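Student: Could you take me on a close look at a single part of this chain, and then show me how that part fits into the rest? I would like one connected account, please.

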Amino acid sequence: PTAELFEGDGLCYKRVLYKWACNPLPPNKYGWYMGTIGKKITLAADRLKGLTYVILYKNDETGNVIPFYHDGEPKKKSDLKKAKNLKMNISCDNWGSSGAGQWVLLKRSASSGAVVAA
């Protein structure tokens with residue numbers, strides 16, 4: 001990604017795939033999950049932990065994986081449709097779909113209308 005994306009609100013409200021390979025997900029649920037980048041994290045304590053942006057995850061977009069595993073067993077079926085904002089690391093250092101890469105931006109293809117990696 002270009003440095004301009006990280007200036008101001010350049011990444012805010014963009015769709016993203018983020019690779020999950022850690023707790024609280026069980027190993028059989030590790031993989032790439034779609035979310036929407038929200039606001040930049042400004043709290044110094046969070047920034048020191050490497051957290052840079054909030055990502056909104058919806059159960060109906062993640063196959064009932066995220067935020068399901070963050071919240072535990074749902075009390076009722078309607079809870080599966082809820083969403084959760086999670087603090088994540090979005091930076092040039094962890095961009096890409098291979099190696100240390102953990103995230104890629106998504107866009108809609110002009111020709112087919114499908115959602116594809118940007």
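**A close look at Thr52 and its surroundings**

Tutor: Happily! Let us start at Thr52, which has a relative accessibility of 12% and therefore counts as buried, the cut-off being under 20%. Please keep in mind throughout that this is a predicted model. Thr52 sits in the loop between H1 and S3. If we set aside residues up to four places away in sequence, Thr52 touches Lys40, Ile41, Arg47, Met88, Asn89 and Ile90. Several of these names will lead us onward.

Take the neighbours Met88, Asn89 and Ile90 of Thr52. Met88, Asn89 and Ile90 are also touched by Tyr18, again leaving out residues up to four places away in sequence. The list for Tyr18 goes on with Gly31, Trp32, Tyr33, Ile55, Tyr57, Asn94, Gln102 and Trp103. In this way Met88, Asn89 and Ile90 appear among the contacts of Thr52 and among those of Tyr18.

From here we reach the nonpolar interior. The largest nonpolar core has 20 residues, and those touching the most other members are Leu11, Tyr18, Trp20, Ile55, Tyr57, Ile66 and Ile90. Two or more residues each come from S1, strand S2 (31–40), S3, S4 and strand S5 (103–108). Ile90, then, is a contact of Thr52 and also belongs to that list of core residues.

Trp20 and Tyr57, from that same list, deserve a moment of their own. There is 1 aromatic pair in the count for this model. Its partners are Trp20 and Tyr57: the ring centres are 5.8 Å apart and the planes meet at 75 degrees, so the arrangement is edge-to-face, for which the angle must be over 60. Trp20 belongs to strand S1 (residues 15–20) and Tyr57 to strand S3 (residues 53–58), so the pair ties together parts that are 37 residues apart in sequence. Trp20 is buried at 5% relative accessibility, and Tyr57 is buried as well, at 0%.

Next come the charged side chains. Side chains of opposite charge can pair when their charged atoms come close. The count here is 2 salt bridges. One of them joins Lys87 to Asp46, with the closest N and O atoms 2.6 Å apart. Because Lys87 lies in strand S4 (residues 83–88) and Asp46 in helix H1 (residues 44–48), this pair ties together parts that are 41 residues apart in sequence. The partners differ in cover: Asp46 is buried at 7% relative accessibility, whereas Lys87 is partly exposed at 44%. Helix H1 also brings us back to our starting point, since the loop that holds Thr52 runs between H1 and S3.

The other bridge links Arg15 with Glu61, where the closest N and O atoms are 3.0 Å apart. Arg15 is in strand S1, while Glu61 is in the loop between S3 and helix H2 (68–71), so this pair ties together parts that are 46 residues apart in sequence. Here Arg15 is partly exposed at 24%, and Glu61 is partly exposed at 28% relative accessibility.

That loop between S3 and H2 also contains Asn64. Asn64 has a positive phi of about 60 degrees although it is not a glycine, and it is partly exposed, with a relative accessible area of 32%. For background, most residues other than glycine have a negative phi. Tyr13 is another such case, with a positive phi of about 70 degrees. Tyr13 lies in the segment before S1 and counts as exposed, at 66% relative accessibility.

What about the cysteines? The structure holds 0 disulfides. Cys12 is buried at 9% relative accessible area, while Cys22 is partly exposed at 38%.

Finally, let us step back to the whole chain. It contains 2 helices and 6 strands, which follow the order β-β-α-β-α-β-β-β along the sequence. Of its 118 residues, 35% count as buried, Thr52 being one of the buried residues. The chain exposes about 7200 Å², of which carbon and sulfur atoms supply 54%. Among contacts between residues at least 6 apart in sequence, 51% join residues at least 24 apart. The links we followed fit into that picture: Trp20 with Tyr57 spans 37 residues, Lys87 with Asp46 spans 41, and Arg15 with Glu61 spans 46.

Definitions and conventions. Residues numbered from 1 in each chain as written. Predicted model: local features only at pLDDT ≥ 70, side-chain atom pairs only at ≥ 80, totals over all residues. Heavy atoms only, no water. Phe/Tyr/Trp six-rings, centres within 6.5 Å; stacked < 30°, edge-to-face > 60°. Helix = DSSP H or I, 4+ residues; strand = E, 2+ residues; numbered from the N terminus. Buried < 20%, exposed > 50% of the residue type's maximum accessible area, 1.4 Å probe, protein only. Salt bridge = Lys/Arg side-chain N within 4 Å of Asp/Glu carboxyl O. Contact = heavy atoms within 4.5 Å. Core = buried A, V, L, I, M, F, W, Y, C linked by side-chain atoms within 4.5 Å. Areas by Shrake-Rupley, 256 points an atom, 1.4 Å probe, with all protein chains shown as cover. Disulfide = S-S within 2.5 Å.
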